[in-house]
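The following note sets out numbered points for a colleague's review. Please read each point beside the coordinates.

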Amino acid sequence: MYSSRVFGGCRALMAAAKSTATKPSFTAAATGGTTPAAPKGILKVVPVSPALGEFLGGVPEASRTDAVKKIWVYIKANNLQNPADKRQIICDEKLKSIFDGKEKVGMLEIAKLLTPHFVKSA
């Protein structure tokens with residue numbers, strides 16, 4: 001009732017948005033093309049260090065998001081979170097190889113410790 005007074009009884013503002021079967025790419029729509037844009041930033045696939053590549057299953061390149069996801073899958077599968085403080089990761093030998101040999105790592109440190117493993121591309 002209140003909304004009709006504010007919007008002057010205009011129901012067009014209250015109508016549900018029409019859904020489309022496929023979502024258009026904003027970049028493709030802006031450029032007039034139909035090809036999706038290449039991933040950028042943390043989604044971009046870049047070469048990784050041999051240590052991280054070995055941890056990820058022998059891959060020579062990966063995106064930051066995929067690497068972090070696979071590390072979390074490994075942590076959860078091997079029950080490496082500290083039971084008293086879930087924000088703390090207790091590193092086994094495999095994690096120590098990519099986390100500079102640290103015994104314990106905070107969950108917010110993971111991204112920072114992975115930075116040297118991603119090779120800068122020009």
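In which strand does V105 lie? The answer is given in point 2, after a short account of the whole chain.

1. Overall architecture. The model is predicted. Its chain contains 6 helices and 4 strands, and their order along the sequence is α-α-β-α-β-α-β-α-β-α. The chain has 122 residues, of which 24% are buried. Among contacts with a separation of 6 or more, 29% join residues 24 or more positions apart. The accessible surface amounts to about 9,100 Å², and carbon and sulfur atoms account for 60% of that area.

2. Residue V105. V105 belongs to strand β4, which spans residues 104–106. Is V105 buried or exposed? The relative accessible area of V105 is 1%, and since buried means under 20%, V105 is classed as buried. Beyond the residues up to four places away in sequence, V105 touches R87, Q88, I89, C91, F99, I110 and L113. A further distance concerns Q81, which is 24 residues from V105 along the chain; the two C-alpha atoms are separated by 9.7 Å.

3. The largest nonpolar core. This core has 21 residues, and those touching the most other members are I71, L95, I98, F99 and L114. Two or more residues each are contributed by α3 (50–55), α4 (64–77) and α6 (110–114). Helix α4 supplies the largest share, 4 residues. As background, nonpolar side chains tend to be buried together in soluble globular proteins.

4. Contacts of I71. Which residues does I71 contact, leaving aside its neighbours within four places in sequence? They are F55, L95, I98, F99 and L114. F99 also appears among the residues touched by V105.

5. The largest pocket. The largest pocket holds about 230 Å³ of space. It is lined by 10 residues, and V46, R64, F118, V119 and K120 are the closest to its centre. By character, the lining of the largest pocket comprises 4 nonpolar, 3 polar and 3 charged residues.

6. Residue A111 and its distance to R64. A111 is located in helix α6. With a relative accessibility of 46%, A111 is partly exposed, because that class lies between the limits of 20% and 50%. A111 is 47 residues from R64 in sequence, yet their C-alpha atoms are 8.3 Å apart in space. R64 is also one of the residues closest to the centre of the largest pocket.

7. The loop between α4 and β3. Both N79 and N82 are found in this loop, which leads to strand β3 (88–90). N82 has a relative accessibility of 14% and therefore counts as buried. Apart from residues up to four places away in sequence, N82 touches Q88 and I90. N79 has a relative accessibility of 62% and therefore counts as exposed.

8. Positive phi values. Which backbone angles merit a check by the reader? N79 has a positive phi of about 55° and is not a glycine. D100, likewise not a glycine, has a positive phi of about 55°. D100 is placed in the loop between α5 (93–96) and β4. The relative accessible area of D100 is 58%, so D100 is exposed.

Terms used
Residues are numbered from 1 along each chain as its sequence is written. This is a predicted model: local features need pLDDT of at least 70, side-chain atom pairs count only at pLDDT 80 or more; totals for chains, interfaces and linings use all residues. Side-chain values use heavy atoms; hydrogens and water are left out. Buried means under 20% relative accessible area, exposed over 50%, partly exposed in between (1.4 Å probe, protein chains only). Contact means heavy atoms within 4.5 Å. Accessible areas come from the Shrake-Rupley method with a 1.4 Å probe; for residues, only the protein chains shown count as cover. A nonpolar core is a set of buried Ala, Val, Leu, Ile, Met, Phe, Trp, Tyr and Cys residues joined through side-chain atoms within 4.5 Å. On a 1 Å grid over the protein atoms alone, a cavity is a set of points where a 1.4 Å probe fits but cannot get out, and a pocket is an open set with protein on both sides within 12 Å along at least five of seven lines; lining residues have an atom within 4 Å of a point. Grid points are joined across faces, edges and corners, and a volume is the space filled by probe spheres set on the points. Ala, Val, Leu, Ile, Met, Phe, Trp, Tyr, Cys and Pro count as nonpolar, Asp, Glu, Lys and Arg as charged, and the others, Gly among them, as polar.
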